Amino acid sequence: NKRLLLSETLTERFKCLYSGSVYSSIHGFSQEEIKEKLLAFPGGSIDLLKQDSGIAVLTINNPPRMNAFSGAMMVDLEEKVTQLENWTDGKGVIVQGAAQTFCSGSDLNAVRAMSNSQVDGMKMCMFMQNTLTRLLRLPLISVALVEGNALGGGAELTTACDFRLMASGSVIQFVHKHMGLVPGWGGAARLVTLVGSRNALKLLGGAVKVDSELGVHIGLADGVLKVDLDAARAETGLQQAESWLSQYTKGPAPVIKAVKKVVLSGRELSLSDALRTEKDIFGSVWGGPANLQALASKSKHK
């Protein structure tokens, strides 16, 4: 039928965009090869909870190392992103750190071991760029819940979400220059898109500690968690993030996914390709169950 043909057209024409991968074998990249090397550095986990509400919670879980990414956690993250890509009923995802701190980047044990090989370091960079690009390109609306510190690669991870909510007292800091590096997980490119080149230069060149106030001012943060002095009625950061995100995920999953896809194509494709994509996505929901129900109830102006 017509909707099936449109779906096939979308899948074929823009499968590279929606699958998200930047590197493949034509770039000399073997995902299985780098996975094997990363798995030699165990510790921590990436935990995924898919809820009936259609909002998932992705938790960076390695508190003894301030939720730094071990090699095994990098592989774990890629596998969890694959699960989210295939989640039919999904509408949104919250990315958080365990124990009220976000993420301190790469575990230095893995970094030191790989620093002797430029090839391994570059392949780890390619692997994480692929994974975080796929995270950003998920057909789900994503928000990073930043409590505590998001440092280095943790700061880069926040930019791979559609939105960022910061707790009072939290900090996002691109500390790469202190390590003699620049961002390698795609964080610099995404940061320029979010805050502009001048602010990006300041944040990277100055290794600026971005608190919630500065984050909102420059457009890096989309909101600040409320502090309720009455502990008995205070919502947790996660509860506040779920309430905030639910504003944008109400409605049927196919419609929310379509919303994310048209925005994604508008951001990443040329105008002509974005317009053609928008037309195809429009066709995939036109006459669908949600559209027909809305027409029957005349809900447009409610």
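**Exercise 1. How many bridges join β4 to strand β6, and do the two run parallel or antiparallel?**

Keep in mind that this is a predicted model.

*Solution.*
- Start with the edge facing β6, residues 163-166: 4 bridges join this strand to β4, and the two run parallel.
- For a concrete pair on that edge, take Ala-144, whose bridge partner in β6 is Arg-164.
- Now go to β3, residues 92-97, which is also joined to β4 by 4 bridges and runs parallel with it.
- Here a pair to look up is Ile-94, which has Val-143 in β4 as its bridge partner.
- Put together, β4 pairs with β3 and with β6.

**Exercise 2. Work out which faces of β4 are covered.**

*Solution.*
- Begin with the count: β4 spans residues 141-146, and 6 of its 6 residues are buried.
- Next, split the strand by side. One face carries Ile-141, Val-143 and Leu-145, while Ser-142, Ala-144 and Val-146 sit on the other.
- Every one of those residues is buried, so both faces are covered.
- Tie this back to the pairing: Val-143, on one face, is the bridge partner of Ile-94, and Ala-144, on the other face, is the partner of Arg-164.

**Exercise 3. Is Asp-120 buried or exposed, and what does its side chain contact?**

*Solution.*
- Find the residue first: Asp-120 belongs to helix α5, residues 118-136.
- Check its accessibility. The relative accessible area is 15%, so Asp-120 is buried, given that the cut-off is under 20%.
- List its contacts beyond four places in sequence: Ile-34, Lys-37 and Met-114.
- Then pick out the polar one: the side chains of Asp-120 and Lys-37 make a polar contact at 2.8 Å.

**Exercise 4. Place Gln-83 and say why it counts as partly exposed.**

*Solution.*
- Gln-83 sits in helix α3, residues 71-85.
- Its relative accessibility is 36%, which is why Gln-83 counts as partly exposed; that class lies between the 20% and 50% cut-offs.
- Setting aside residues up to four places away, Gln-83 touches Leu-48 and Lys-50.
- For Lys-50, compare chain and space: Gln-83 and Lys-50 are 33 residues apart along the chain, and their C-alpha atoms are separated by 9.8 Å.

**Exercise 5. Compare the span of helix α11 with the expected one, and find its buried residues.**

*Solution.*
- Helix α11 covers residues 253-268, which makes 16 residues.
- From first C-alpha to last it reaches 22 Å, close to the 22 Å expected at 1.5 Å a residue.
- As for burial, the buried residues of α11 include Ala-253, Ile-256, Ala-258 and Leu-264, along with Lys-257, Lys-260 and Ser-265.

Terms used:
Residues numbered from 1 in each chain as written. Predicted model: local features only at pLDDT ≥ 70, side-chain atom pairs only at ≥ 80, totals over all residues. Heavy atoms only, no water. Buried < 20%, exposed > 50% of the residue type's maximum accessible area, 1.4 Å probe, protein only. Pairing = 2+ DSSP bridges. Expected span 1.5 Å × (residues − 1). Contact = heavy atoms within 4.5 Å. Polar contact = N/O pair within 3.5 Å; in protein donor to acceptor, adjacent residues only side chain to side chain.
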